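Work through the following exercises with the sequence and the model open beside you. Try each task on your own before you read its solution.

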Amino acid sequence: MKTKKKPKYNTFQNVGWMVKIAWENGKLVLLFCILTAALEVLLNLTQLYIAPEILAQVEQKVPMWKLLATIGVFTLALFMIQGFKEYIVQNTLFSRVDVRSAIIGKLARKSNMTSYPNTLDVNFTKLRDKAHLACDSNAHAAEHIWQTLTMLLKNIGGLIVYLTILSQIDTVLLLVVIATCIAGFLVSRYTNNWRYAHRDEEESYYQKKRYIRAKAESVELAKDIRIFGLQNWLNELLDNIHDLYLDFSLRCERVEMLADITEAVLTMARNGIAYVYLINMALKEGLSVSEFLLYFTAVTTFTVWVMGILQEMSTLHKESLDILRVREFLEYPEPFTFEKGEPIPASDSYGLKLENVSYRYPGAKADTIKGMNLTVRPGEKLAIVGLNGAGKTTLVKLLCGLLDPTEGKVLLNGKDIRDFNRRDYYDLFSAVFQEFSILDVTVAEEIAQSTVDIDYDRIADCIAKAGLSSAIEKLPAGLKTHVGREVYLDGVLFSGGQTQRLMLARALYKDGPILLLDEPTAALDPIAENDIYMKYSEMTQQKTSLFISHRLASTRFCDRIIFIADGGIKEEGTHDSLLALGGEYAKLFEVQSRYYQEGKEF
């Protein structure tokens, strides 16, 4: 039998954590919670005594001016209490948003700064999604918890006041009221828990619908949708998911209807018993009309306080579980060393070394890299070639510290990179990966990856080396032209080849001592690719460079070539020596070269 995992933190600990965040980012939230709860109790108490007090004065036949004065005092009190409460409610919203924004900032930092292997971990990504969902809007746990705590304080305060009032009547009636309240709460909790227990199912429908709508409206898929006629297919997918959601909603409504019927029966029973008891007191003990009204209203309202406490405690528990997801995500273990690691030693050049390195992706049945030994000398231009899936990109991720080997060591100038502050280690690398990110900012900001202190002369040099100068000169605002159209309507859309050049310019602008190029010319035509090759020596001056390519013609510009296959280094040497060897590199080069030989038959 599978045992249920005990939560790392309980409800009180999670509330305490939220109070700490509020104290650091929005202290007024705490004050407003207490004030709002106190005003709610005072408002309810004032409303409770209005009618009984007026009836009591009518029974006593007080002068009209005194009766009107009493009405005026109650009216003024209600007006002032309600007005002050609304003022606080309106102003507390900003503080609550500040607290939620602070948590969102923590989540964003964790997502962006976490160790790279965590981004490949399914458990991490699922927990990240749940943590962000807890902060998704005003109605979600990271902000709504303050409303829950306010209502809980209000109900506790109201319960204490009403217990004092009802202590003057029979305790049997009070126990009956409490018993029916608890019974109603249990039914209500069953309903709420049913929906809460199925929240992942409900969210999955929303998530799928959002995904299909986003893809149907995306610029990236616009061509495919029209060319392949995907409109009807996408509509069918959306309809199927919507039908499943409607079926889920019907099940929810059945459960909720049963709870509503039960609650109605319990309310009728509770009020009926209260009527009988109080009428009996009026007949036998001379209970006045005003006292009858006061006690009956107190009895029926007392149930609101009891139910309120039970329901808010249940809500608080659920919101605590959502807050728990936030805390678990923020505390997710980091396999890499960051601030506590050693600083990178100063050096004119850096060399890398792999000692018996193996790497296996989580869940994989075999190693992608197997017992590899490799030395990259300072200032060397190393080409890494091989067929698709040979492990070239994995090797580079190991060298630049995005992955740690499952066996063996990666050394920087003879020292294990696991001892260093990993963020400092990343600063050594300028990289162009196969997958890259484009933000909707200006061209200059895209290259500099900054909005301040941009060196435009340096940017001009980098785009010239990347072969992008002529394209930039044609833009309406030059380097200040916006990229993309999701944020700015005047943004430009670069072609695949231009985007790759832009990423190359970005890598050159960073000017790290180690240059890493993973298929940097895959989207370029042969002429543009040759242009990049001609500038390769200029780009890599005084740098250690790693060049990954499946086009073997590019490798002749490198000092050394390693041919990767089956997770290891099969061949190693210069372009000419490998051709002379007549091995797998030479065979692959011969196959590729046929496509560029005019009149050659295949």
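**Exercise 1: a lysine and its surroundings**

Find the residues that Lys110 touches, not counting residues up to four places away in sequence, where contact means heavy atoms within 4.5 Å.

Solution. Lys110 touches Phe124, Phe329, Leu330, Tyr332 and Glu334 once residues up to four places away in sequence are not counted. Before going on, note that this is a predicted model, in which local features need pLDDT of at least 70 and side-chain atom pairs count only at pLDDT 80 or more, while totals for chains, interfaces and linings use all residues. Residues are numbered from 1 along each chain as its sequence is written, and side-chain values use heavy atoms, with hydrogens and water left out. As the next step, locate Lys110 in helix α3, residues 64-113; helices (H or I, at least four residues) and strands (E, at least two) are DSSP runs, numbered from the N terminus. Lys110 has 11% relative accessibility and therefore counts as buried (buried means under 20% relative accessible area, exposed over 50%, partly exposed in between, with a 1.4 Å probe and protein chains only). Finally, Lys110 and Glu473 are 363 residues apart in sequence, and their C-alpha atoms are 39 Å apart in space.

**Exercise 2: a histidine**

Decide whether His575 counts as buried or exposed, and list its contacts beyond four places in sequence.

Solution. Begin with the location of His575, which lies in helix α20, residues 575-581. The relative accessibility of His575 is 9%, so this residue counts as buried. Leaving aside neighbours within four places in sequence, His575 is in contact with Leu552, Thr555, Arg556, Ile561, Tyr585 and Phe589.

**Exercise 3: two helices that pack**

Describe how helix α15 (residues 456-465) and helix α17 (residues 496-510) pack.

Solution. The axes of α15 and α17 are 8 Å apart and the angle is about 130°; axes are lines fitted to C-alpha atoms, for helices over the stretch in contact, and angles run from 0 to 180 degrees between N-to-C directions. The two helices α15 and α17 are therefore oblique to each other (angles under 35 degrees count as roughly parallel, over 145 as roughly antiparallel, 65 to 115 as roughly perpendicular and the rest as oblique). On the side of α15 the contact is made by Arg458, Ile459, Cys462, Ile463 and Lys465, and on the side of α17 by Ala505, Leu508, Tyr509 and Lys510.

**Exercise 4: the sheet**

Work out the strand order of the open sheet of six strands, and find which strands are at its edges.

Solution. The order is β6-β7-β8-β3-β9-β10, with mixed pairing, where two strands pair if DSSP finds at least two bridges between them. The edge strands are β6 (429-432) and β10 (568-573), each of which pairs on one side only. Strands of a sheet pair through backbone hydrogen bonds, either parallel or antiparallel. For β7 (residues 514-518) and β8 (residues 544-549) the sense is parallel, over five bridges, and Ile514 stands opposite Thr544 in β8. Helix α17 lies across β6 and β7 and runs at about 180° to β6.

**Exercise 5: positive phi**

Determine where Asp511 is placed and what its phi is.

Solution. Asp511 is placed in the loop between α17 and β7. Although Asp511 is not a glycine, its phi is positive, at about 60°. With a relative accessible area of 46%, Asp511 is partly exposed.
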